[in-house]
Amino acid sequence: MADRKGWVLTVTCPDTVGIISTVTGFLSQHECFITDASQYGDPLSRRFFLRVVFLPGAMTPPIPELEKLFTIVAARFQMIWQMHDASRKAKVVILVSKFGHCLNDLLHRYQSGSLPIEIPAVISNHPDMQGIVEWHGIPYHYFPADKNDKAAQEAKVLEVIDRAGADLVVLARYMQILSHDMCVRLQGRAINIHHSFLPSFKGAKPYHQAHARGVKIIGATAHYVTADLDEGPIIEQGVERVDHTLTPEDLVALGRDIENVVLARAVRWHTEHRVLLNGSRTVVFRG
């Protein structure tokens, strides 16, 4: 058989009878060995979601030919689908400002191999993170934000993203609001992380605001970037209970730990093709 990581087939379509048997039958007919499968039928949207991992066999046609043959199946069920090479590492470009905790966590996971991605570039509107990024052997692009010419700065950012061939853009505490045009350009391939207090605690020092209100739970949310600020489809969330003994600084430290874990999970699941859009929500086949 081919590479043990194989291929990932993702499917979304109107929910109906016979989808699983047809897809698995097609793969079996072409001597593909299924190693993992997850599915979900949403009773509200009446859509079906499927993720299948398979290994091509000795008699399996080349993947381009297999994809061409699968279009007949896809047309029958009105499928939105893709076949992904699971052995290919996704190219992830990271955007960061002055807070480096999420960036550092992703760099560590990348360097240790626990997050199988490539990072062809890191982009920032501040020079603060240049040393640590270049220590990892990754190009660092510093483009200061110019409130009088935001479009010019964003054009430079997009040029690096396009030149790197980025599969995913991660806003690792990038403290700039993206323009509508940039959000559209990055639709479905940009992930943001923020504290879960929104919209209750917007603006500066949200953890201090939360402390002043005596919150009992803090957390973080990773979601896809859309033109509606902080309202994109949610991929992952994490929370921790807190109490009156914790200072605002304690909440900041705990919140940053949660942000690290939540963002890393979202990046992993997206790059492993485990996240499928369901309108304004997501279906996440967690590993």
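Helices (H or I, at least four residues) and strands (E, at least two) are taken here as DSSP runs, numbered from the N terminus. With that in hand, Arg-46 can be placed in the loop between strand S2 (33–42) and strand S3 (47–55). One thing to keep in mind throughout: this is a predicted model.

**The whole chain**

In total, the protein chain carries 8 helices and 13 strands. Its radius of gyration comes out at 21 Å, close to the 19 Å that the globule rule gives for 287 residues, so the chain is as compact as a globular protein of that length. If you want a box around the C-alpha atoms, roughly 60 × 40 × 35 Å along the principal axes will do.

How much of the chain is tucked away? Of the 287 residues, 46% count as buried. The surface that is left adds up to about 14700 Å², with carbon and sulfur atoms supplying 52% of it. As for contacts, take those between residues at least 6 apart in sequence: 66% of them join residues at least 24 apart. Charges come out even, with 30 positive and 30 negative side chains. The centres of those two sets lie 2 Å apart.

**What the record marks**

An unreviewed UniProt entry gives residues 8–82 the feature "domain: ACT". In the model, that span is 35% helix and 39% strand, and its end C-alpha atoms lie 8 Å apart.

The unreviewed entry also has an "active site" annotation, and it covers Asp-230. Where does Asp-230 sit? Look in the loop between strand S10 (217–224) and strand S11 (234–241). Its relative accessibility is 29%, and since buried means under 20% and exposed over 50%, Asp-230 counts as partly exposed.

**Two residues with positive phi**

Most residues other than glycine have a negative phi. Arg-46 goes the other way, with a positive phi of about 60° although it is not a glycine. His-273 likewise has a positive phi of about 60° without being a glycine. Arg-46, in its loop between S2 and S3, is exposed, with a relative accessible area of 64%. His-273 belongs to the loop between helix H8 (248–271) and strand S12 (275–278), and at 23% relative accessibility it counts as partly exposed.

**Two helix residues and their contacts**

His-101 lies in helix H3 (residues 101–112). Is His-101 buried or exposed? It is buried, because its relative accessible area is 14%, and the cut-off for buried is under 20%. Which residues does His-101 touch, not counting those up to four places away in sequence? They are Arg-173, Arg-256, Glu-259 and Asn-260.

Ile-132 is found in helix H4 (residues 130–135) and, at 32% relative accessibility, counts as partly exposed. Leaving aside neighbours within four places in sequence, Ile-132 is in contact with Asn-104 and Leu-107. Ile-132 and Gly-100 are 32 residues apart in sequence, while their C-alpha atoms are 9.5 Å apart in space.

Here are the accessibility values for these residues side by side.

| Residue | Relative accessibility | Class |
|---|---|---|
| His-101 | 14% | buried |
| His-273 | 23% | partly exposed |
| Asp-230 | 29% | partly exposed |
| Ile-132 | 32% | partly exposed |
| Arg-46 | 64% | exposed |

Key:
Residues numbered from 1 in each chain as written. Predicted model: local features only at pLDDT ≥ 70, side-chain atom pairs only at ≥ 80, totals over all residues. Heavy atoms only, no water. Rg over C-alpha atoms; globule rule 2.2 N^0.38 Å. Buried < 20%, exposed > 50% of the residue type's maximum accessible area, 1.4 Å probe, protein only. Contact = heavy atoms within 4.5 Å. Areas by Shrake-Rupley, 256 points an atom, 1.4 Å probe, with all protein chains shown as cover. Lys, Arg positive; Asp, Glu negative; His and termini not counted. Charge placed at Lys NZ, Arg CZ, Asp CG, Glu CD. UniProt positions renumbered as here; feature names shortened; annotations may be inferred.
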